[in-house]
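Visitor: Please take one small part of this model and look at it closely. Then tell me how that part fits into the rest of the chain.

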Amino acid sequence: MKIEQVNENQIRCILTREDLEERKIKFSELTYGSEKANRLFRDVMQEAHFQFGFEPDESPLMIEAVPMQSGVIVFVITKVEAPDELESKLAQFATSARKHFLSCI
């Protein structure tokens, strides 16, 4: 597991296939709210705090998981300073995803 600090509000965690195997986690088990996903997230946050002093404080967190073809998974964890902005960003994403989906039909 490799953790990088992107800026004061964001970290990136890179997990290889070997990292997942070592933790006995399958990609399909990284669903929202699963015990293995929660344990992994706690480990990532603990390591980010240890390495960079990264703390969520009272800010909500946005967690993006991007699977790569090589079996690597990249997590981007961002402290959301203005939760209203998060709602508008998610709404924009949903609109663009819907347009993309409809253009594929």
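**A loop residue and its surroundings**

Guide: Asparagine 9 has a relative accessible area of 19% and is buried. The cut-off for that word is under 20%, so asparagine 9 falls on the buried side of it. The model is a predicted one, and the values below are computed from it.

Asparagine 9 sits in the loop that runs between strand 1 and strand 2. Leaving aside residues up to four places away in sequence, asparagine 9 touches Phe54, Ile77, Thr78, Lys79 and Glu81. The loop belongs to a hairpin, in which 2 residues join strand 1 to strand 2.

On either side of this loop, strand 1 and strand 2 are paired in the antiparallel sense, with 5 bridges between them. One of the partnerships links glutamine 5 to isoleucine 11, which is in strand 2. Valine 6 also belongs to strand 1. Its relative accessibility is 36%, so valine 6 counts as partly exposed; that class lies between the limits of 20% and 50%. With residues up to four places away again left out, valine 6 touches Ile11 and Arg12. Valine 6 can also be set against threonine 78: the two are 72 residues apart in sequence, yet 9.4 Å apart in space from C-alpha to C-alpha. Threonine 78 has come up already, as one of the residues that asparagine 9 touches.

The hairpin is part of an open sheet of 4 strands, whose order is 1-2-4-3 and whose pairing is antiparallel. Strand 1 (2-7) and strand 3 (61-67) are at the edges, and each has a single partner strand, so one side of each has no neighbour in the sheet. On average, neighbouring strands of this sheet are turned by 20° against each other, with direction ignored. Strand 2 (residues 10-15) also runs antiparallel to strand 4 (residues 73-79), to which 6 bridges join it. Within that pairing, cysteine 13 has phenylalanine 75 of strand 4 as its bridge partner.

Helix 2 (residues 35-52) packs on the sheet and touches strand 1, strand 2, strand 3 and strand 4. The direction of helix 2 makes about 65° with that of strand 1.

Phenylalanine 75 turns up again at the largest pocket, which holds about 400 Å³ of space. Of the 16 residues that line this pocket, Leu30, Ala37, Phe41, Ile63 and Phe75 lie nearest its centre. Helix 2, strand 3 and strand 4 each supply at least two residues of the lining, and helix 2 gives the most, with 5 residues.

Now for the whole chain. The chain has 3 helices and 4 strands, and from the N terminus on they follow the order β-β-α-α-β-β-α. The hairpin described above, with strand 1 and strand 2, supplies the β-β at the start of that order. Of the 105 residues in the chain, 27% are buried, and asparagine 9 is one of the buried residues. Among contacts with a separation of 6 or more, 46% are between residues 24 or more positions apart. The accessible surface of the chain is about 7,600 Å², and carbon and sulfur atoms account for 54% of it.

Methods
Residues are numbered from 1 along each chain as its sequence is written. This is a predicted model: local features need pLDDT of at least 70, side-chain atom pairs count only at pLDDT 80 or more; totals for chains, interfaces and linings use all residues. Side-chain values use heavy atoms; hydrogens and water are left out. Buried means under 20% relative accessible area, exposed over 50%, partly exposed in between (1.4 Å probe, protein chains only). Contact means heavy atoms within 4.5 Å. Accessible areas come from the Shrake-Rupley method with a 1.4 Å probe; for residues, only the protein chains shown count as cover. Two strands pair if DSSP finds at least two bridges between them. Axes are lines fitted to C-alpha atoms, for helices over the stretch in contact, and angles run from 0 to 180 degrees between N-to-C directions. On a 1 Å grid over the protein atoms alone, a cavity is a set of points where a 1.4 Å probe fits but cannot get out, and a pocket is an open set with protein on both sides within 12 Å along at least five of seven lines; lining residues have an atom within 4 Å of a point. Grid points are joined across faces, edges and corners, and a volume is the space filled by probe spheres set on the points.
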